[in-house]
Amino acid sequence: MPAVNSGMDSNKKETAKDVFIVADNVYSPIGKTTAENFISLKNKISGVKRHGESEMSALPFYAALFDDEHFVADGNSTKFERLLMASIHEAIIEADLDLQNDKTILIISTTKGNIRLLETGSYSEALKKRIALTTSAQLIADHFGFTQKPVVVSNACISGVLGIITGMRLLRSGVYENVIVAGADVISKFILSGFQSFQALSAGVCRPFDKLHDGLNLGEAAGTVILSTNKKYAGNLKVKGGSLSNDANHISGPSRTGEELAQAISRSMADGGAAIDEIDFISAHGTGTVYNDEMEANAVRIAGLDKLPLNSLKGYYGHTLGAAGLIETIISIESLRQGLFIGTPGFKDAPESHQVNASVDHRIIKARNFLKTASGFGGCNAAVVIGK
C-alpha cells in the first residue's frame, strides 16, 4: 500500500492528545454503580436468571433483566431512555464538568434503542420519528443540558467499544475537550425472537470459550464513561489506542479465521504504542456461541496474545448489546484499579481447537494495560487498549 502524504513534515510527527478516563458507571441488574457491580462480581453474583412464560416469549429463556418496577416509562421518556439517564447521572456526579460547554459532547451507543415501541403502537410517521435513535439522543442531551448536538453510534455489538473509540478520536482532533459516552439496550420480544430464530440462545447460563458452549444469554444494562483531554486528569487511566475492522464474510456469521479481528487488535496496540508484552489481560467479547468463541480465540492467537489471561463477563450480565463493550471495559478498568481479574462464569475446559487462558475463578493481578475486543453482526470488529 503506497504511503499517504499527510501534508506534515515527516520529521515532525504530531503527538496525539492523551485521553483520560474521568468517571464511569455501570447500571445493571446486579448494581447501580460501578462499585456495586464490582462487589457483586467479586462475590460471583450473576444477573442471569431463568424466565418463564412472559410477554416476550412463550418458551423459558435465560437473561439478565431488570425487575418490572425499574424504569417504568412515563409520558416523556421510555425505559431505554430512562436507563441511559440513570447511568449518565451516576457518572457525572463523580466528574467536575460543565455539560453546557461547547467543548463537551455526548455519544450514545445502542443497537436497537426504542425498537420495542413497534410492539405497542401502530406504525405512523409520528412513531417513525419517535423511534429514531436521534430522537432519543437529543431527548437525553436536552435532559442534561448539553449544548452540542449528540452523536449516535449504532454498529451491532461493537457499538459500546466503537463509542469509546469515536470519543477518543473526537478528543484527539482537538475539537472537544470532554466526551460522555453512554450505551444501553433493553430486551424486547422483537430482540429475543430474533436471536431465537438464529437458534443462538443457550439452554442455560452461557459458557463462553468452554467446550460445552451452546449459545448466548441476553441482558439489560447501561454503561457510561467520561473522557477528557484536560491535563488536570493526567494521573488517571488513559484510552491509549483503538481500531476497527470488518470480516466482509457474512451478515451474521463471523470470519472463520479470525484474521480480521486480529488486525483490529494489532492496529489498536500500534495506535496505543503498546507492545505484546505490555498487555496484561484481555476482556473478550465471548458470547458463548460456537462461531464467535472460535473466531475470537483464533484472533487472539494470531495477534500473539493467547497466553494472556482472558475473560468474558456474559455469564454475569448476559449480552447487553450496545452496552456490552462499555460495561465490560469499565469492569476491566476497575480490575486495573483493584488488582483483581474477574473470572469467566461457566468456563471449565476449552475445546482443543481453540484454547484460551480463561478461568472460572478470579485472579489477583498486577496489571498496567488491558485489551478489550468486540465483534458483531455484519462482520464488524473493534479493539481498544486502556491502561495506566
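Let me begin with a pair of strands: β4 and strand β6, which covers residues 178-185, run parallel and are joined by six bridges. I should say at once that this is a predicted model, and everything that follows should be heard with that in mind. Within this pairing, Ile108 stands opposite Ala182 in β6. Strand β4 also has a partner in β5, residues 151-153, and here three bridges join the two strands, which again run parallel; in this second pairing Ser109 is placed opposite Val153 of β5.

How many of the residues of β4 are buried? The strand takes in residues 104-109, and six of its six residues are buried, so that it counts as mostly covered by the definition of under 20% relative accessible area. If we look at the two faces in turn, Thr104, Leu106 and Ile108 lie on one side, while Ile105, Ile107 and Ser109 lie on the other, and all of them are buried.

Moving along the chain from there, we come to Asn114, which sits in the loop between β4 and α3, the latter being residues 117-120. Is Asn114 buried or exposed? Its relative accessible area is 1%, and because the limit for a buried residue is under 20%, Asn114 counts as buried. If neighbours within four places in sequence are left aside, Asn114 is in contact with Thr78, Phe80, Glu81, Arg130, Ile131 and Ser136.

Two of those contacts, Phe80 and Ser136, bring us to the empty space inside the model. Rolling a probe the size of a water molecule over the atoms shows where empty space is left. The count comes to one cavity of 30 Å³ or more, and the space in the largest cavity is about 30 Å³. Its lining is made up of Phe80, Ile108, Thr110, Leu133, Ser136, Ala137 and Val152, so you will recognise Ile108 from strand β4. Helix α5, residues 133-144, provides the largest share of that lining, with three residues. Sorted by class, the lining of the largest cavity holds five nonpolar and two polar residues, and no charged ones.

Let me turn next to the nonpolar cores. In soluble globular proteins, nonpolar side chains tend to be buried together. The largest nonpolar core here has 32 residues, and among these Ile21, Leu227 and Val239 touch the most other members. The elements giving two or more residues to this core are β1 (19-27), β4, α6 (159-173), β6, β8 (221-228), α11 (324-338), β14 and β15, and of these α6 gives the most, with six residues. With neighbours within four places in sequence left aside, the contacts of Ile21 include Val225, Leu227, Val239, Ile333 and Ile386. There is also a second, separate core of 29 residues, which includes Phe80, Leu106, Phe146 and Ile226.

My last topic is a pocket. The second largest pocket has a volume of about 470 Å³, and 26 residues line it, of which Ser252, Pro254, Thr289, Tyr291 and Phe377 are the closest to its centre. Which element gives the most to this lining? That is α9, with four residues, while α9 (290-302), β14 (369-376) and β15 (380-387) each supply at least two. By class, the lining of the second largest pocket divides into 11 nonpolar, 13 polar and two charged residues.

Note on methods:
Residues are numbered from 1 along each chain as its sequence is written. This is a predicted model: local features need pLDDT of at least 70, side-chain atom pairs count only at pLDDT 80 or more; totals for chains, interfaces and linings use all residues. Side-chain values use heavy atoms; hydrogens and water are left out. On a 1 Å grid over the protein atoms alone, a cavity is a set of points where a 1.4 Å probe fits but cannot get out, and a pocket is an open set with protein on both sides within 12 Å along at least five of seven lines; lining residues have an atom within 4 Å of a point. Grid points are joined across faces, edges and corners, and a volume is the space filled by probe spheres set on the points. Ala, Val, Leu, Ile, Met, Phe, Trp, Tyr, Cys and Pro count as nonpolar, Asp, Glu, Lys and Arg as charged, and the others, Gly among them, as polar. Buried means under 20% relative accessible area, exposed over 50%, partly exposed in between (1.4 Å probe, protein chains only). Two strands pair if DSSP finds at least two bridges between them. Contact means heavy atoms within 4.5 Å. A nonpolar core is a set of buried Ala, Val, Leu, Ile, Met, Phe, Trp, Tyr and Cys residues joined through side-chain atoms within 4.5 Å.
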